[in-house]
Amino acid sequence: MGFKRKVLFYGLKNALIPRFRSRADLAAYQQRKLQAFAQTVLRRSPFYARFFKGANLDWEAVPQITKTEFMAYFDEINTCQIRKEEAMAVALGAEKSRNFKTELNGITIGLSTGTSGKRGIFLVSEDERAKWVALVMKRVIQPKLFQKQKVAFFLRANSNLYASVQSSLFEFRYFDLFKPLPELIAELAAYQPDILASQPSLLVDLAQAQHQNRLSIAPKQVISFAEVLHEADKRRIEATFRVPITEVYQCTEGFLGVTCPHGTMHLNEDFIHFDQEWIDEIHFFPIVTDFSRSSQPVVKYKLNDVLEVKKTPCACGDLRLAIERIVGRDDDVLILKGIRVYPDLVARRIAQTTDDFSQYRIVQTAENQLTLGIACDAADFEDLKARFMTTLDALFASFGIEGVQYHVENRVEQEAGTKMRKIKRVPYEP
């Protein structure tokens, strides 16, 4: 079966997924899928095959893993007999040549740095690419009859996976984040996309360029992914391009969720089983088992992301788990004198104080020490510095935290092609 027919096939399969009447219906559906996944995929994985007792997988015995174990047991986990060293050589070669069409034994190899900065490798077969495209076309970029839409896709590295949306319905163009921003703006202006997809930090730069008349585009859809989308940045981007943002939760470990028309992030529980490791009453670490993957099974994989569950039902009526927000990575949370202060709260307070300003970075380096980076004109620096410190002191005081020390710089450095984390805790651990 050709690739386009596979996409059509999986699109039809997706259309037949029932709309769950209750969480119990969804749980029963997941159990059926997990059992089939164990029999058809995990039996072929040398790592997971050892956990079968007779005909069935002993799920309780299967260990929870993190990225460290996922990469350490790469050779045994994948079902394609691909060794990590040869996959890494292919991925690094693609990075160096900027030719991302390379495959190994018919399998697409992707390299991810993630927000952790640690290298990871993902494997995607043609069948999995077709599944991904079908799901993206159902939940993210809807096709339009008799209108081919232009997709501008910004990322550090391209992949056969992302380029798979190229078709008679979508024209896909990759924009390399390693290029200078003025060059990207000029290319984007010439392209005039219908759909603009990028990480939030670049969307902010593009919105600023549009606001300053250095860019003139009119996308009908804007998609945010790869970084935490802070509320102030979201408002600024939506106001500039006059369209609501579609937020996608996609990482090396899979396509985990997307916002519905009501702006609520729903996890893709009809393809992935999510366990929760609760931090408090509303925040948790997701532990994912993706029963749609086959070349590189993702099983009981704990992510370092902190998610905040939505307390009220979404108006769309979708019963898949609703997320209020992706708070960030665990090491984006400030821990001052033993008290946790979540990054979205910090970002919101700063946005209330400096409504038209977003180029900053806050890094916790010790128990009560923060380094603030503020990118602004020299004439504005002292005023912004004072406003930042006053705002943060007031926020921390509301938690009973006093005496935080600041080192403030008039610059924000970001390495080309890396993800922007405005607020993070490194290398300090309480």
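**Exercise 1. Which helices and strands each supply at least two residues of the lining of the second largest pocket?** Work with the predicted model above, and describe the space and its lining as well.

*Solution.*
Step 1: Begin with the space itself, which amounts to about 680 Å³ in the second largest pocket.
Step 2: Next, look at the wall. The lining of this pocket has 28 residues, and Arg 139, Thr 259, Cys 260, Pro 261 and Arg 320 are those that lie nearest its centre.
Step 3: Assign the lining to elements. At least two residues each come from α7, α11 (231-241), β10 (245-251) and β11 (254-259).
Step 4: Sort the lining by class, and you get 11 nonpolar, nine polar and eight charged residues.

**Exercise 2. Describe the surroundings of β11 and its pairing with other strands.**

*Solution.*
Step 1: Check burial. Because six of the six residues of β11 are buried, this strand is largely enclosed by the rest of the structure.
Step 2: Take the pairing with β10. The two strands run antiparallel and are joined by four bridges; one place to look is Cys 251, which stands opposite Gly 254 in β11. The hairpin between β10 and β11 passes through two residues.
Step 3: Now go to β12 (residues 265-267), which is antiparallel to β11 and joined to it by three bridges. Here Gly 257 stands opposite Leu 267.
Step 4: Follow the turn. Five residues lie between β11 and β12 in their hairpin, and Gly 263 in that turn has a positive phi of about 85°.

**Exercise 3. Find the residues with the most contacts inside the largest nonpolar core, and trace the surroundings of Tyr 48.**

*Solution.*
Step 1: The largest nonpolar core holds 71 residues, with Leu 42 and Tyr 48 making the most contacts inside it. Helix α7 (residues 126-139) gives the largest share of this core, seven residues.
Step 2: A reminder of the general background: in soluble globular proteins, nonpolar side chains tend to be buried together.
Step 3: Leave out residues up to four places away in sequence, and Tyr 48 touches Leu 42, Leu 57, Val 62, Ile 65, Ile 77, Pro 297 and Val 299.

**Exercise 4. Is each of Gln 210, Arg 361 and Ala 24 buried or exposed?** Place each residue in its element too.

*Solution.*
Step 1: Gln 210 belongs to helix α10 (residues 200-211). Its relative accessible area is 15%, and the cut-off for buried is under 20%, so Gln 210 is buried. Beyond its neighbours within four places in sequence, Gln 210 is in contact with Leu 215, Ser 216, Ile 217, Thr 240 and Phe 241.
Step 2: Arg 361 sits in strand β20 (residues 360-366). With 17% relative accessibility, Arg 361 counts as buried. Not counting residues up to four places away in sequence, its contacts include Thr 371, Val 412, Glu 413, Met 420 and Lys 422.
Step 3: Ala 24 is found in helix α2 (residues 23-40). Its relative accessibility is 54%, and exposed means over 50%, so Ala 24 counts as exposed.

**Exercise 5. Work out the strand order of the open sheet of three strands, and identify its edges.**

*Solution.*
Step 1: Read the order as β3-β4-β5, with antiparallel pairing.
Step 2: β3 (103-104) and β5 (120-124) are at the edges with a single partner strand each, so one side of each has no neighbour in the sheet.
Step 3: Zoom in on β3, which two bridges join to the antiparallel strand β4 (residues 107-112). Glu 103 stands opposite Thr 108 in β4.

How values were computed
Residues numbered from 1 in each chain as written. Predicted model: local features only at pLDDT ≥ 70, side-chain atom pairs only at ≥ 80, totals over all residues. Heavy atoms only, no water. Core = buried A, V, L, I, M, F, W, Y, C linked by side-chain atoms within 4.5 Å. Buried < 20%, exposed > 50% of the residue type's maximum accessible area, 1.4 Å probe, protein only. Contact = heavy atoms within 4.5 Å. 1 Å grid on protein atoms, 1.4 Å probe; cavity = no way out; pocket = protein on both sides within 12 Å on 5 of 7 lines; lining within 4 Å. Points joined across faces, edges and corners; volume = space filled by probe spheres on them. Nonpolar A, V, L, I, M, F, W, Y, C, P; charged D, E, K, R; others polar. Pairing = 2+ DSSP bridges.
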